[in-house]
Amino acid sequence: MMKSINYTKYPLPRIRHHANPVLYFPLKQLKGERFFYPPVFDSVEWNELFQNGKPPDMLDIGCGLGRFLIETSLTDETKNILGFEVRHGAVEWIDNVISSESLRNVKALWYSAVNGFPFIKNETIEKVFYFFPDPWVKKRHYKRRAFSAELLGEIHRVLKPGGKLYLMTDVPEVDEFQQKVLKDFGKFEFSYADSAAWDLPVKTNHEIFCEGRKIPFVRIICVKQ
Ligand SMILES: C[S@@+](CC[C@H](N)C(=O)[O-])C[C@H]1O[C@@H](n2cnc3c(N)ncnc32)[C@H](O)[C@@H]1O
């Protein structure tokens, strides 16, 4: 039987909705004073992250409080899933759940995805999840959006042939923006997925929030060409 986690044992931390704005920019673009910025690195000892010592099979970019990350790890303990999250408090909370529950195939890294993922080898990842990104709707904040040709290039590089990128958003303007970036990038075939086509058995924190409040959202599956 699949393990289930009693999350009431883990009171949620009080963390700010957004992190320090510098965290949304690649480290190489930042000048001057060093901020509280997540480490950027080129290699990872996978045996320090996952019990089977292997690299990840799935990535969850912007995993937030990690419900999807953790629950997905329980659906198949032979697959490793790695989350990236810029809010340090969220990563600490996830770490505590992972170690308290002795989970061996899941890890959240305090890491800003806009630095790319040079520590992940080409064509090794089956699925990448990018769910409910911060919308940054004000024009002057567009540059904080992580979804870009550079990020898509990294996702495309690490995905196996035919690998999938899954998207969800409840902000129509973000959906439009992401589809434009995808179209211009040109190396993914993508389309909206209804509930029948959506092959993920687990929901994210924000997806559960939207469903509870009857907030509409869209799902898109992108297949690497
Ligand atoms: C609205 S939350 C959604 C969380 C989760 N994916 C869900 O569906 O519940 C977006 C998350 O992305 C994180 N994030 C934003 N920019 C990021 C970046 N450059 N690298 C990693 N995480 C990022 C935010 O800190 C936040 O936790």
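This is a guided tour of the chain, moving from the whole fold to one residue, one helix and the ligand.

**Before selecting anything.** The model is predicted: local features need pLDDT of at least 70, side-chain atom pairs count only at pLDDT 80 or more, and totals for chains, interfaces and linings use all residues. Residues are numbered from 1 along each chain as its sequence is written.

**The whole chain.** Display the chain as a cartoon; six helices and seven strands appear. Both are DSSP runs numbered from the N terminus, helices being H or I of at least four residues and strands E of at least two. From start to end, their order is α-β-α-β-α-β-β-α-β-α-β-α-β. The radius of gyration is 17 Å, close to the 17 Å from the globule rule for 225 residues, so the chain is as compact as a globular protein of that length. This radius is taken over C-alpha atoms, and the rule is 2.2 Å times the number of residues to the power 0.38. Buried residues account for 35% of the 225. A residue is buried if 20 or more other C-beta atoms, placed from the backbone, lie within 10 Å of its own, and exposed if 12 or fewer do.

**Residue I81.** Select I81, which belongs to strand β2 (residues 81–85). I81 counts as buried because it has 28 C-beta neighbours inside 10 Å. Now add D57: the two residues are 24 apart in sequence, yet their C-alpha atoms are 6.0 Å apart. Leaving aside residues up to four places away in sequence, I81 touches several others, among them P56, M58, L69 and V106. Contact requires C-beta atoms, placed from the backbone, within 7 Å.

**Helix α3.** Next, select residues 88–100, the 13 residues of α3. Colour A90, V91, W93, I94 and V97, the buried residues of this helix. They cover an arc of only 160° around the axis, and therefore lie on the same side of α3; the arc is that of the directions from the helix axis to the C-beta atoms. The cover over these buried residues includes α2 (67–75), β2 and β3 (106–110). Turn to the other side of α3 to find S99 and S100, which are exposed. After the helix comes S102, with a positive phi near 55°.

**The ligand.** Finally, select the ligand and its 22 surrounding residues, of which G62, G64, T204, N205 and H206 are the closest. A residue belongs here if its C-beta atom, placed from the backbone, lies within 6 Å of the molecule. Helix α6 gives the most to this shell, with three residues.

Definitions and conventions:
Contact = placed C-beta atoms within 7 Å. Expected span 1.5 Å × (residues − 1).
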